[in-house]
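Biologist: Before I plan anything at the bench, could we go through this chain together, one point at a time?

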Amino acid sequence: MTLVYTHENLTLVVNVSTALQNAGIKTQIKNQYAAGGRGEIPCFETWPEVWVASQFQVKQAKEIVAQITLESTQPDWQCTHCTELNGAAFDFCWHCDSPKPC
C-alpha cells in the first residue's frame, strides 16, 4: 500500500478517496479516528491519510490527486447568466445550473 494524500480535514480526505474509488482505484483511509490523540502524539501523525492498495495504480492515483489539488487552488468564477459567484470546483452555477464558461 502507498500513501497518496493526507490532510488535517477528514472531509477532504474522504472526498479524495471517493474520487479515486470512482476511477476504479481501491483505497483505504487510515487515521480517520486519530484526532483524539492530538497532544499525546504529534498532530501531523494524526492526520487522516488515503492509501492506494495496488502499486500499479499509484501513478494514476497521484495524477488524480494532483488534478483535485490544482482545481482547489483555482479562482472562483462568476456566472454569465445570473452573475452568481461560484467556487472553482463547480462546473455548473449552483444557482441557475448554467455551465461554467470556458
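Modeller: This is a predicted model, and its secondary structure comes to 2 helices and 5 strands.

Biologist: In what pattern do these elements follow one another along the sequence?

Modeller: The chain holds 2 helices and 5 strands. Read along the sequence, they give the pattern β-α-β-β-α-β-β.

Biologist: What share of the residues counts as buried?

Modeller: Among contacts between residues at least 6 apart in sequence, 42% join residues at least 24 apart. As for burial, which here means under 20% relative accessible area, the chain has 102 residues, and the share that counts as buried is 25%.

Biologist: In which order do the strands of the open sheet lie?

Modeller: Strands of a sheet pair through backbone hydrogen bonds, either parallel or antiparallel. In this open sheet the pairing is antiparallel, and the twist averages 30° from one strand to the next. The sheet has 3 strands, and their order is β1-β3-β2.

Biologist: Which strands stand at the edges of that sheet, and why is one side of each left without a neighbour?

Modeller: In the order β1-β3-β2, an edge strand has a single partner strand, so one side of it is left without a neighbour in the sheet. The strands in that position are β1 (2–6) and β2 (27–30).

Biologist: How many bridges join β2 to β3, and which residue of β3 is the bridge partner of K30?

Modeller: On the other pairing, β1 and strand β3, residues 49–52, are joined in the antiparallel sense over 4 bridges; among the partners there, Y5 is matched with V50 and T2 with V52. Strands β2 and β3 also run antiparallel, with 4 bridges between them. In that pairing, the partner of K30 in β3 is E49.

Biologist: Which residues of β3 are buried on each of its faces?

Modeller: In a regular strand the side chains alternate between the two faces of the sheet. For β3, both faces are covered, and the residues named on each side are all buried. One side carries E49 and W51, and the other carries V50 and V52.

Biologist: W51 interests me as an aromatic residue; how far from the centre of its ring is the charged end of K30?

Modeller: A search of the whole structure finds 0 aromatic pairs, so that a ring pair, for which the centres would have to lie within 6.5 Å, is not what to look for at W51. What the model does show is the charged end of K30 sitting over the ring of W51, and its distance from the ring centre is 4.3 Å.

Biologist: Is N86 buried or exposed, and which backbone oxygen does its side chain reach?

Modeller: N86 is found in strand β5, residues 85–86, and its relative accessible area is 1%, so it is buried. Not counting residues up to four places away in sequence, N86 touches D76, W77, C79, F92, C93 and W94. Its side chain reaches, at 3.0 Å, the backbone oxygen of E84.

Biologist: W77 appears in that list; which residues is F90 in contact with, leaving aside its neighbours within four places in sequence?

Modeller: F90 lies in the segment after β5 and, at 40% relative accessibility, counts as partly exposed. F90 and K100 are 10 residues apart in sequence, with 7.6 Å between their C-alpha atoms. With its neighbours within four places set aside, F90 is in contact with W77 and K100.

Biologist: What is the phi of N31, and what is the phi of D97?

Modeller: Most residues other than glycine have a negative phi. N31, in the loop between β2 and β3, is partly exposed at 26% relative accessible area, whereas D97, in the segment after β5, counts as exposed at 56%. Each has a positive phi although it is a residue other than glycine: for N31 the value is near 70°, and for D97 it is near 70°.

Biologist: Lastly, what distance separates the C-alpha atoms of N15 and I68?

Modeller: N15 lies in helix α1, residues 10–22, and counts as partly exposed at 46% relative accessibility. N15 and I68 are 53 residues apart along the chain, and their C-alpha atoms are separated by 9.6 Å.

Note on methods
Residues numbered from 1 in each chain as written. Predicted model: local features only at pLDDT ≥ 70, side-chain atom pairs only at ≥ 80, totals over all residues. Heavy atoms only, no water. Pairing = 2+ DSSP bridges. Axes fitted to C-alpha atoms, helices over the stretch in contact; angles between N-to-C directions. Phe/Tyr/Trp six-rings, centres within 6.5 Å; stacked < 30°, edge-to-face > 60°. Lys NZ or Arg CZ within 6 Å of the ring centre and 35° of its normal. Buried < 20%, exposed > 50% of the residue type's maximum accessible area, 1.4 Å probe, protein only. Polar contact = N/O pair within 3.5 Å; in protein donor to acceptor, adjacent residues only side chain to side chain. Contact = heavy atoms within 4.5 Å.
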